[in-house]
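Biologist: I should like to go through this entry term by term and hear what justifies each label. Could you set each value against its cut-off?

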Amino acid sequence: MADRVSGLARQVLGGALFLFLILATARGQDSSKRIWGAEGHTGFIIVHSPEVEEASKDANPVTTNLSINWQNLRKETWNLCECYPRTGFALAYQAFDNPGDLGQGVTGSGYLEPVFRLGQGWAFSFQGEVGLSYLNKPYDEATNPQNQSYSVRVNAFLSLSTALNYRLSPHWQVQAAANYNHISNGSIKQPNMGINYP
């Protein structure tokens with residue numbers, strides 16, 4: 001078990017260091033723009049095994065997300081990827097629509113989001129995100145046996161998304177996005193079926 005903990009810790013620290021270096025580089029550039037964001041998401045939990053069916057079926061999680069990012073507008077970056085990448089941080093609150101078994105969570109994460117202009121105010125982007133989630137209702141044999149999804153309070157968080165953006169003005173834009181989110185502890189402790197929710 002110590003090897004699993006050590007392996008997960010190395011992965012999380014390595015990912016955090018990678019994101020820190022990207023963010024530090026982006027913030028140090030004169031040709032960048034800071035962007036604040038607020039988002040709301042809803043979806044469903046994928047019932048991927050019989051063990052999670054009781055707690056997850058018909059659950060529609062809701063996420064509220066606040067973010068800050070820096071968009072790199074340098075010509076050299078455009079020449080490299082024909083995009084204007086954003087790097088940023090997000091803080092999210094998740095309600096999993098089953099407070100008795102799955103509870104709620106708070107997630108802090110960092111992300112990288114290349115943005116491709118489509119013209120006339122439109123842009124397309126995709127995003128990779130990594131972080132940590134604090135969840136308040138882990139599995140307990142006596143008090144919460146239905147939660148087979150997670151058994152520790154602090155878990156790894158991974159997310160992939162794609163979005164279509166429309167700029168309303170120099171300071172406002174709207175976005176429609178599709179996200180796939182995964183929360184688990186990397187098998188540090190069982191049960192750990194994970195929460196997968198688009």
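**Labels and their grounds**

Modeller: Phe126 has a relative accessibility of 40% and counts as partly exposed. The model discussed here is a predicted one.

Biologist: Why is Phe126 called partly exposed?

Modeller: Buried requires under 20% and exposed requires over 50%. The 40% of Phe126 satisfies neither condition, so the residue is partly exposed. Phe116, with a relative accessible area of 24%, is also partly exposed, because that value is likewise not under 20% and not over 50%.

Biologist: How many aromatic pairs are there by this rule, and what makes the pair of Phe116 and Phe126 a stacked one?

Modeller: The count comes to four aromatic pairs. In the pair of Phe116 and Phe126, the ring centres are 5.9 Å apart and the planes make an angle of 20°. The limit for the centres is 6.5 Å and stacking requires planes under 30 degrees apart, so both conditions are met and the pair is stacked. This pair links distant parts of the chain, ten residues apart, with Phe116 in strand β5 (residues 115-119) and Phe126 in strand β6.

Biologist: How do you know that Cys81 and Cys83 are joined by a disulfide?

Modeller: Their sulfur atoms are 2.2 Å apart. The limit is 2.5 Å, so the pair qualifies as a disulfide. A search of the whole structure finds one disulfide. The link of Cys81 and Cys83 is left-handed, with -95° about the S-S bond.

Biologist: Are Cys81 and Cys83 buried or partly exposed?

Modeller: Cys83 has a relative accessible area of 3%, which is under 20%, so this residue is buried. Cys81, at 29%, is partly exposed, since its value lies between the limits of 20% and 50%.

Biologist: How many salt bridges does the structure hold, and what makes Arg74 and Glu76 one of them?

Modeller: The structure holds two salt bridges. The side chains of Arg74 and Glu76 meet at 3.7 Å, N to O, and the limit is 4 Å, so the pair counts as a salt bridge. Arg74 has a relative accessible area of 25%, and is partly exposed because that figure is neither under 20% nor over 50%.

Biologist: Why does the pair of Glu113 and Arg86 count as a salt bridge?

Modeller: The N to O distance between Glu113 and Arg86 is 3.7 Å, which is within 4 Å, so the criterion is fulfilled. The pair links distant parts of the chain, 27 residues apart: Glu113 belongs to strand β4 (residues 104-113) and Arg86 to strand β3 (residues 86-95). Both Glu113 and Arg86 are buried.

Biologist: What makes the link between the side chains of Ser125 and Glu113 a polar contact?

Modeller: The distance is 2.7 Å, and the limit for a polar contact is 3.5 Å, so this link falls within it. Ser125 is found in strand β6. Its relative accessible area is 1%, which is under 20%, so Ser125 is buried. Among the residues that Ser125 touches are Glu113, Pro114, Ser161 and Gln175. Ser125 and Cys83 are 42 residues apart in sequence, yet 9.1 Å apart in space, C-alpha to C-alpha.

Biologist: How do you know that β6 and β7 pair?

Modeller: Strand β6 (residues 122-135) and strand β7 (residues 154-169) are joined by 13 bridges and run antiparallel. At least two bridges are needed, so the strands pair. The bridge partner of Trp122 in β7 is Tyr166. Strand β7 is also joined by 13 bridges to strand β8 (residues 172-184), and these two run antiparallel. In β8, Tyr180 is the bridge partner of Leu160. A hairpin of two residues connects β7 to β8.

Biologist: Why is Val62 called partly exposed?

Modeller: Its relative accessible area is 40%, which is not under 20% and not over 50%, so the label follows. Val62 lies in strand β2 (residues 62-72), and touches residues including His41 and Tyr93.

Biologist: How many helices and strands are there in the protein chain?

Modeller: The protein chain has three helices and nine strands. Of its 198 residues, 40% are buried.

Notes:
Residues are numbered from 1 along each chain as its sequence is written. This is a predicted model: local features need pLDDT of at least 70, side-chain atom pairs count only at pLDDT 80 or more; totals for chains, interfaces and linings use all residues. Side-chain values use heavy atoms; hydrogens and water are left out. Helices (H or I, at least four residues) and strands (E, at least two) are DSSP runs, numbered from the N terminus. Buried means under 20% relative accessible area, exposed over 50%, partly exposed in between (1.4 Å probe, protein chains only). Rings of Phe, Tyr and Trp (its six-membered ring) pair if their centres lie within 6.5 Å; planes under 30 degrees apart count as stacked, over 60 as edge-to-face and the rest as tilted. Contact means heavy atoms within 4.5 Å. A polar contact is a pair of N or O atoms within 3.5 Å; within protein, one must be able to donate a hydrogen and the other to accept it, and residues adjacent in sequence count only if both atoms are side-chain atoms. Lists of a residue's contacts leave out its neighbours within four places in sequence.
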